[in-house]
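Here's a quick tour of one protein model, aimed at someone who likes looking at ring geometry. Have a look at the structure first, then read on.

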Amino acid sequence: MGASTGIKGSASVEAWLESFDVTDWDLRMVSLSDIDKAASRGNQARLQAIDPALAERYTQSAKAGAVFPPLVLAEIGKRLIVVDGNHRHEMLIRTKRTEHPAYVIKVTETLRHVMSAAANTLNGQPPTDEERRFHALQLAGAGYTQPRIAAMTGLNKSTTERILRADKARKRCNDQKAALKLEDTVLDDLGRIRSDVVLTFAVQQAAARHISTSKARDLATKVNQGGSESEQVALLDEFVDEMDRERLQPKGKGKRGLTDARKATIAIGTLLAVNPAVVAIQADGDGAELRLKVGKAIEHLEQIQAAL
């Protein structure tokens, strides 16, 4: 149990601390001047640290006599950083309070971020989908399981799985120095693809084409119609081929189509983004077939590029 100095604590806050196996805490009055405001605002999963409307609501409630529970603060050297209670801290500043009860804890930096992000889903301003996604990746990096991540972020099981799988695919591509500039929503929709091998290939192809969220969802739906990985790759090829044909079509009446050189340049830029070492993750028949196919395509397009 933690230490208390006669200050009234909060059973719900203590239960929340114990859910992270934090039982060594010190409940005491803390001077607001000891709290690092800048570091506290950065220690949470919201993209906007303080919601003005919520902070004002807390301020008005405090002026009307409302009593707020203790803050949760992490002790980092001589600094105190808010883990749970940034909006309450803002309220205390606005009402010119000088001190407030707080649970002071000592935890690792990773656990501090994880706890703060988890608090965002339970207290104060609800997080956006983008913030939940950010929190899920934080928790995964801290070693939490998918069911625990889903429970702590409020995401359902399938969405959590898609987010984590898509992020792994992006990391695999980044390891091969692929220049990926995909929106998170695009990655999440690509994460619906069942095969990790095909998902990595799809991420590469999507990055080369800068596809939209709706296209990513359509691509994943089509690819998942295949049974084996070979069938899924064939469906992926069919989908991206159709996208490329659409890109090469003249836009509007009276406009000339692209020159052969421009078409070749687009094709080269698209297919050279696919690294055979990334695609052929598996050493089985499907992987070997896919590696051969992509390797031949690149060899052919390099010949075209040399002739331009």
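## Phe68 and its partner

Phe68 comes out at 16% relative accessibility, so it counts as buried, the cut-off being under 20%. Bear in mind that this is a predicted model.

Tyr58 clears that bar too: its relative accessible area is 19%, so it is buried. The two side chains make an aromatic pair, with 5.3 Å from centre to centre and 50° between the planes. Is that stacked, edge-to-face or tilted? Planes under 30 degrees apart would be stacked and over 60 edge-to-face, so Tyr58 and Phe68 end up as tilted. As for where they sit, Tyr58 belongs to helix α3 (residues 52-63), while Phe68 is in the loop between α3 and β3 (71-76). Ten residues separate Tyr58 from Phe68, and the pair links distant parts of the chain.

## The edge-to-face pair

How many aromatic pairs are there? The count is three. One of them is Trp25 with Tyr103: the ring centres lie 5.1 Å apart and the planes meet at 85°, which means an edge-to-face pair. This pair also connects distant parts of the chain, with Trp25 in strand β2 (residues 25-31) and Tyr103 in strand β5 (residues 99-105), 78 residues apart.

Are these two residues buried or exposed? Trp25 has 5% relative accessibility, so it counts as buried. Tyr103 is buried as well, with a relative accessible area of 0%.

## A partly exposed glutamate

Now for a residue outside the aromatic story. Glu161 is found in helix α8, which covers residues 157-175. Its relative accessibility is 37%; since buried means under 20% and exposed means over 50%, Glu161 counts as partly exposed.

There's also a spatial relation to look up in the viewer: Glu161 and Ile149 are twelve residues apart in sequence, and their C-alpha atoms are 9.7 Å apart in space.

## The whole chain

Zooming out, the protein has 308 residues, and 45% of them are buried. Its secondary structure adds up to 15 helices and five strands.

If you take the contacts between residues at least 6 apart in sequence, 71% of them join residues at least 24 apart. On the outside, the protein exposes about 15900 Å², and carbon and sulfur atoms supply 51% of that area.

Technical notes. Residues are numbered from 1 along each chain as its sequence is written. This is a predicted model: local features need pLDDT of at least 70, side-chain atom pairs count only at pLDDT 80 or more; totals for chains, interfaces and linings use all residues. Side-chain values use heavy atoms; hydrogens and water are left out. Helices (H or I, at least four residues) and strands (E, at least two) are DSSP runs, numbered from the N terminus. Buried means under 20% relative accessible area, exposed over 50%, partly exposed in between (1.4 Å probe, protein chains only). Contact means heavy atoms within 4.5 Å. Accessible areas come from the Shrake-Rupley method with a 1.4 Å probe; for residues, only the protein chains shown count as cover. Rings of Phe, Tyr and Trp (its six-membered ring) pair if their centres lie within 6.5 Å; planes under 30 degrees apart count as stacked, over 60 as edge-to-face and the rest as tilted.
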